[in-house]
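Student: I've just opened this one up and would like to go through it with you. Can you bring it on screen?

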Amino acid sequence: MFAHPKGLLGRIGAAAMLRRSEASYRWVAEILDLDSTDRFLDVGCGPGGLLRVAREAGADVVGVDSSPEMVRLVRRAGIDAHCAVAEHLPMADGSFSAACAMHTIDFWESRIAGLIELRRVMRPTGRVCIVVRSLDEQARPWNPSKHGFSDADLKALRTTLDAAGYADTRSNERTVDGEQLVALTSTAT
Ligand SMILES: C[S@@+](CC[C@H](N)C(=O)[O-])C[C@H]1O[C@@H](n2cnc3c(N)ncnc32)[C@H](O)[C@@H]1O
């Protein structure tokens with residue numbers, strides 16, 4: 001429903017994503033300091049909530065998602081979107097000044113391959129933000145935080161970012177709608 005949304009359940013999941021995530025989209029746009037000078041890529045964009053907020057901030061926006069249904073929803077909002085996987089982005093080298101991958105990196109076949117590919121399409125010094133949920137072992141089984149990132153997982157993700165060629169990785173945390181979110185922001189080198 002959330003990993004590879006399709007059909008009726010995918011559309012229900014898309015509505016849930018948009019409802020739950022509005023405040024987190026605004027938070028990411030703030031962290032990345034998006035404005036009209038930016039060309040922004042959202043990888044694993046889902047139904048496009050973050051793309052809409054980034055567009056409101058003035059950025060020129062493009063989405064990528066592996067689900068054709070999510071891409072259709074994004075295009076319906078008049079936003080450029082491509083059906084592709086993070087590991088093979090259909091974009092030229094150095095195309096973007098800012099990018100995000102939010103609640104999606106868990107589903108990628110290869111995290112390191114996806115992050116290297118994302119760096120390829122970033123301009124040097126481009127800002128990249130990876131957003132995940134913190135692990136909450138007390139959460140109910142259906143709450144995604146139950147399967148969130150532990151401290152060890154976050155440390156491993158930082159190591160992967162280093163290995164993929166990112167620098168100056170910083171961590172921001174915020175509780176949004178009862179979920180503890182972690183945003184790792186890095187610079188593409
Ligand atoms: C939980 S949703 C998050 C959507 C959006 N980022 C948000 O926060 O509202 C995860 C999305 O990642 C997409 N996805 C999963 N694996 C992917 C991959 N390898 N490359 C690109 N998108 C992927 C899914 O199709 C789904 O739309």
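**Working through the fold**

Tutor: A good place to begin is the right-handed β-α-β unit that β4, helix α4 (residues 111-121) and β5 make. Keep in mind as we go that this is a predicted model.

Student: OK, so in which sense do β4 and β5 pair, and over how many bridges?

Tutor: They pair in the parallel sense, over six bridges. If you want a spot to click on, M102 stands opposite V131, which belongs to β5.

Student: And β5 itself, is that strand enclosed or open?

Tutor: Strand β5 (residues 122-133) is largely enclosed by the rest of the structure, because nine of its 12 residues are buried.

Student: Which strand do seven bridges join to β5?

Tutor: That is strand β7 (residues 179-188), and here the two strands run antiparallel. One pair to look at is R133, whose bridge partner in β7 is L181.

Student: Let's follow β7 then. What does it do with β6?

Tutor: β6 and β7 also run antiparallel, joined by nine bridges, and the two form a hairpin with two residues between them. D177, which sits in the turn, has a positive phi of about 50 degrees. Along the ladder, R170 stands opposite T185 of β7.

Student: How many residues of β6 are buried?

Tutor: Just one of the 11 residues in strand β6 (residues 166-176) is buried, so the strand is hardly covered. In β5, by comparison, nine of 12 residues are buried.

Student: Switching to the core: which residues touch the most other members?

Tutor: The largest nonpolar core has 49 residues, and V28 and A99 are the ones that touch the most other members. If you set aside its neighbours within four places in sequence, V28 is in contact with L50, C100, M102, C129, V131 and A183. M102 and V131 are the two residues that we saw standing opposite each other.

Student: L50 is in α2, right? Which residues of that helix are buried?

Tutor: Yes, and in helix α2 (residues 49-56) the buried ones are G49, L50, L51, V53 and A54. Just after α2, G58 takes a positive phi of about 105 degrees.

Student: Now the ligand. How many residues surround it, and which are closest?

Tutor: The ligand is surrounded by 23 residues, the closest being G44, G46, S67, T104 and F107. The elements that give two or more residues to this shell are α1 (7-32) and β2 (60-65).

Student: What's the make-up of the shell by class?

Tutor: It has 13 nonpolar residues, nine polar ones and one charged residue.

Student: Last topic, the loops. Where is G94 found, and what is it in contact with?

Tutor: G94 is found in the loop between β3 (80-83) and β4 (96-102). Apart from neighbours within four places in sequence, G94 is in contact with M122 and R123. The C-alpha atoms of G94 and G114 are 15 Å apart, with 20 residues separating the two along the chain.

Student: Why does G94 count as partly exposed, and where does S150 stand, buried or exposed?

Tutor: G94 counts as partly exposed because it has 13 C-beta neighbours inside 10 Å, where a residue with 12 or fewer would be exposed. S150 has 11 other C-beta atoms within 10 Å, so S150 is exposed. You will find S150 in the loop between β5 and α5 (151-163), and its C-alpha atom is separated by 8.4 Å from that of D136, 14 residues apart along the chain.

Notes: Residues are numbered from 1 along each chain as its sequence is written. This is a predicted model: local features need pLDDT of at least 70, side-chain atom pairs count only at pLDDT 80 or more; totals for chains, interfaces and linings use all residues. A residue is near a molecule or strand if its C-beta atom, placed from the backbone, lies within 6 Å of it. Helices (H or I, at least four residues) and strands (E, at least two) are DSSP runs, numbered from the N terminus. Ala, Val, Leu, Ile, Met, Phe, Trp, Tyr, Cys and Pro count as nonpolar, Asp, Glu, Lys and Arg as charged, and the others, Gly among them, as polar. A residue is buried if 20 or more other C-beta atoms lie within 10 Å of its own, exposed if 12 or fewer, and partly exposed in between; C-beta atoms are placed from the backbone. Two residues are in contact if their C-beta atoms, placed from the backbone, lie within 7 Å. Two strands pair if DSSP finds at least two bridges between them. A crossover is right-handed if, with the strands pointing away from the viewer, the path from the first strand over the helix to the second runs clockwise. A nonpolar core is a set of buried Ala, Val, Leu, Ile, Met, Phe, Trp, Tyr and Cys residues joined through C-beta atoms within 7 Å.
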